[in-house]
There are 2 protein chains.
Amino acid sequence: MSITVVGTVAFDAIETPFGKVDRCIGGSATYFSVAASFFSPVNLVSVIGDDFTEQDASVFKGRNINLDGLQRIHGEKSFFWSGEYGFDLNVAKTRETQMNVLAQFQPRLNEQQRTADVLFLANAQPDLQFDVLKQCKRPRVVALDTMNYWITSARESLTRMFGEVDLIVINEAEVRQYTEEANVVKGARQILDLGATTLVIKRGEYGVLMVTKDAIFAAPAYPLENVFDPTGAGDTFAGGFLGYLASRREAHDKELRRAIVFGSVLASFTVEKFSLDRLREITLSDVLERYQDFRALTHFEDVDR
Amino acid sequence: MSITVVGTVAFDAIETPFGKVDRCIGGSATYFSVAASFFSPVNLVSVIGDDFTEQDASVFKGRNINLDGLQRIHGEKSFFWSGEYGFDLNVAKTRETQMNVLAQFQPRLNEQQRTADVLFLANAQPDLQFDVLKQCKRPRVVALDTMNYWITSARESLTRMFGEVDLIVINEAEVRQYTEEANVVKGARQILDLGATTLVIKRGEYGVLMVTKDAIFAAPAYPLENVFDPTGAGDTFAGGFLGYLASRREAHDKELRRAIVFGSVLASFTVEKFSLDRLREITLSDVLERYQDFRALTHFEDVDR
């Protein structure tokens with residue numbers, strides 16, 4: 001079954017303790033689409049400028065990603081983000097953000113995009129997310145991501161969105177910020193009380209905590225010896241997670257847990273190189289192999305009876 | 001099989017956002033012993049002052065804890081620690097430390113203590129840990145804990161100890177501090193190169209990462225909605241971990257993983273109330289029940305074939 005993602009396709013400039021790149025492909029919808037396409041067909045809805053070349057677009061080639069929704073605005077440049085990381089790779093420091101084409105982005109979904117089974121609203125102004133959602137014919141699963149900026153600058157709109165979606169993908173710090181509650185499980189319950197069934201809390205190198213009305217699932221991050229660049233890990237996670245879910249008939253607890261692990265697996269590849277470089281190298285069999293590594297990483301036996 | 005623990009029995013004064021207590025039982029050997037005694041007999045080696053009453057000693061009563069090694073120094077007061085936590089319960093701020101009896105503590109182990117199968121050297125000056133170790137008839141498993149202070153003030157002594165023990169229980173921040181390596185898995189490998197077979201890295205509310213030569217095991221912390229006071233969580237973890245291990249014939253990967261989970265289970269009870277108040281209420285059946293909750297928390301299925 002298919003997914004529609006609405007988010008950014010961008011150029012990034014990144015500096016980490018391990019290297020530096022002045023211009024590489026990035027953006028939430030880029031990472032999401034490539035990750036999700038390992039499992040399900042994706043409709044990408046985003047916007048680019050004149051500077052986005054055929055060569056740049058090759059990141060989507062040979063994958064099940066429909067680019068009908070990748071709108072080009074002439075006379076403008078693509079969205080640009082520049083950031084750096086210190087030895088603590090958990091926190092990105094933004095050097096510069098150039099909105100460029102994004103300032104005029106008003107997504108209009110076509111029939112195929114509107115009728116997808118799964119809709120992912122990547123981080124964006126919550127009213128824009130709302131507008132996109134209202135264009136859709138009630139998808140089976142609607143998920144959103146957000147960021148700290150909207151919690152302060154568009155709190156009411158974000159709260160409305162929390163009540164409109166099934167599934168919220170959010171950073172741990174954002175749960176604390178939104179709820180002003182130090183205990184993340186209590187904070188999660190407060191957000192779920194607004195209407196969603198599932199909160200997926202990203203904890204960076206500590207993995208993911210999924211909280212639903214009935215259960216909590218904790219998955220560690222894959223412990224890599226070489227984390228090169230964490231940019232895109234969260235969107236890759238969301239892509240693997242929702243891509244896998246879209247490929248299944250049901251989104252019950254058993255499949256949600258597998259989906260969390262697939263999301264974590266895909267994200268663990270993303271951080272091994274700059275941009276989508278590592279994600280572009282791997283195949284589904286690499287993904288399945290690391291899924292087994294995840295099982296070994298977390299497995300422990302029942303007590304002897 | 002039996003355990004000997006050498007550490008502190010203390011009085012604590014603690015303030016958390018949820019309450020305040022001016023004098024309660026604490027100390028590494030106290031938490032460790034009570035936790036370990038759920039699984040194995042414990043020889044406690046520590047020191048107290050005149051102020052430690054019969055009433056205080058009741059924390060050890062009715063448990064398999066031998067107090068022959070609990071030395072009383074007359075005319076002195078017990079070790080005292082005072083600390084506070086903010087809403088981020090991960091970091092304790094020390095208000096005051098009174099060494100008192102601890103300044104003169106030179107443990108001399110008797111035959112029963114020296115011949116225990118498992119030896120736990122709780123956080124102490126590494127030369128004192130070395131002295132205790134040399135008194136023992138090579139136990140099956142030797143483990144130590146340490147703290148940031150010794151990494152800077154007694155680095156050489158600590159490095160020698162890292163080469164003398166089988167198992168190191170250490171905070172994630174201490175791995176980074178000792179190795180000056182941002183990546184915790186790389187840091188773990190560096191420490192293991194000094195001689196130990198197993199590094200157990202405590203990550204506070206994010207659980208535990210165990211690194212051995214052959215495998216990595218990640219266990220989350222139990223996600224509690226009410227964490228009241230984190231004091232003693234690390235020593236309780238070590239007690240549950242080594243107490244369980246001592247009860248088993250072998251300390252191979254399968255048992256190490258179960259031991260990590262039992263340690264995490266015990267620690268999750270400790271933080272629910274001040275001091276050992278919660279630990280004193282629970283029975284082995286509560287522990288086994290939460291072990292099952294841990295399985296539910298972390299379980300995910302293999303992919304369909």
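Three exercises on the interface of chain A and chain B follow, each with a worked solution.

This is a predicted model, in which local features need pLDDT of at least 70 and side-chain atom pairs count only at pLDDT 80 or more. Residues are numbered from 1 along each chain as its sequence is written.

**Exercise 1.** Find how chain A can be laid on chain B.

Solution. Superpose the copies by least squares on the C-alpha atoms of residues with pLDDT of at least 70 in both. A turn of 180 degrees and a shift of 0.0 Å along the axis lay chain A on chain B with an RMSD of 0.0 Å. That is the relation of a two-fold axis. Within chain A, the residue that comes closest to the rotation axis is A:Tyr206, at 3.1 Å (C-alpha).

**Exercise 2.** State whether B:Glu172 is buried or exposed, and list what B:Glu172 touches.

Solution. B:Glu172 has a relative accessible area of 6%. Buried means under 20% and exposed over 50%, with a 1.4 Å probe and protein chains only, so B:Glu172 is buried. Contact means heavy atoms within 4.5 Å. Leaving out residues up to four places away in sequence, B:Glu172 touches A:Glu205, A:Tyr206, B:Val184, B:Ile201, B:Lys202 and B:Arg203.

**Exercise 3.** Count the salt bridges across the interface of chain A and chain B, and give one of them.

Solution. Look for a side-chain nitrogen of Lys or Arg within 4 Å of a carboxyl oxygen of Asp or Glu. The rule finds 12 salt bridges across the interface. One of them joins the side chains of A:Glu225 and B:Arg189, at 2.9 Å, N to O.

Technical notes. Chains lettered and ligands numbered in written order. Heavy atoms only, no water.
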